[in-house]
Amino acid sequence: MKEKFASRIALVIGGSRGIGRAVALRLARSGFDIWLAYHSNHEAAQEVHSLIRQMGRACELMAFDIADLQASKNALEKRSEDNPPDVVVYNAGITRDNLLVWMTKEEWDMVLRTNLDGFYNVVHTVIFAMLREKRGRIVVISSASGQIGQAGQVNYSASKAGLIGAVKALAREVARKNIYVNVVAPGVIDTEMSQDLPKDRILPLIPLQRFGTAEEVAAVVDFLCTEPLMYIHGQVIGVNGGLVL
Ligand code: NDP
């Protein structure tokens, strides 16, 4: 499924569903060709692929587990050396919720290896080629849970707070190479991940009194990836309806 890329490339990690899907479609609309990375839901990825092709943009699908360094390298190393992405949206993430007192080591490891190690596995693999180009935008999707903590999500909050620290440090490293790095921290967004949340208990905590949409997150990501007048760097932008103030 290799296609020729003539224009700007956006690598969207976790682009098959939810927020990543909306980001991939939005960036395609903004004129990017898309490298769409996902884990295993080929049907969902194929659907996004078709929609992007209908917009007249190229789309390359790549299925791998971001928790696996070698798999990440296999998928991205050669590609980005040949053709460095202009934009990287590190969006994939998982939850394995439990109170810490009941949390198994597997639940801890699974979330940290995917959400936080995945950042290293992906960004480390592509950053050298991006530095060589001396331009680029990286947006990392964290969570309100990483900003203020969420009971039942000690593993997830740790991984998402870790991403914020990683981005702030990376922002200091790569600024002089004209690479902008920022975090988008969604609140509760209506996707498969949030399907089982107790809506009646959560809504009173959100000043806007509703869950957000994936498209509302994608609009902010698109701005950070495309706006030419850019002085936002190393920041955490909340998209949360006022949940975190
Ligand atoms: P979804 O569960 O809807 O989609 C997750 C995406 O990540 C899918 O494309 C999935 O691929 C991919 N993915 C999951 N695990 C891996 C892996 N090991 N390797 C590669 N790809 C993987 O999630 P959301 O859209 O809801 O969330 C997207 C991001 O936003 C996550 O980081 C999440 O933590 C964060 N977030 C979400 C909130 C919400 O309320 N929904 C709130 C705050 C933050 P596949 O389809 O193949 O499984």
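Here is a short exchange about a ligand shell, a salt bridge and a pocket in this structure.

Me: What kind of model is this, and how are residues numbered?
Reply: This is a predicted model, in which local features need pLDDT of at least 70, side-chain atom pairs count only at pLDDT 80 or more, and totals for chains, interfaces and linings use all residues. Residues are numbered from 1 along each chain as its sequence is written, and side-chain values use heavy atoms, with hydrogens and water left out.

Me: What makes the approach of Lys160 to the ligand a polar contact?
Reply: A polar contact is a pair of N or O atoms within 3.5 Å. An N or O atom in the Lys160 side chain is 2.7 Å from a ligand oxygen, so the pair qualifies. Ile189 brings a polar backbone atom to 2.8 Å from an oxygen atom of the ligand, and for a backbone N or O atom of Gly14 the distance is 3.3 Å.

Me: Which residues count as surrounding the ligand?
Reply: Happily, the rule is simple: a residue is near a molecule if one of its heavy atoms lies within 4 Å of it. There are 30 such residues, the closest being Ser16, Ser40, Asn91, Tyr156 and Thr191.

Me: Why is the pair Asp222 and Arg26 called a salt bridge?
Reply: The term requires a side-chain nitrogen of Lys or Arg within 4 Å of a carboxyl oxygen of Asp or Glu. Here the closest N and O atoms are 3.4 Å apart, so the pair meets the cut-off. Asp222 sits in helix α8 and Arg26 in helix α1, 196 residues apart. The structure holds 11 salt bridges.

Me: What is the volume of the second largest pocket, and which residues are closest to its centre?
Reply: Its volume is about 180 Å³, counted as the space filled by probe spheres set on the grid points. Of its 13 lining residues (those with an atom within 4 Å of a point), the closest to the centre are Arg8, Arg135, Gly136, Arg137 and Cys225.

How values were computed. 1 Å grid on protein atoms, 1.4 Å probe; cavity = no way out; pocket = protein on both sides within 12 Å on 5 of 7 lines; lining within 4 Å. Polar contact = N/O pair within 3.5 Å; in protein donor to acceptor, adjacent residues only side chain to side chain. Helix = DSSP H or I, 4+ residues; strand = E, 2+ residues; numbered from the N terminus.
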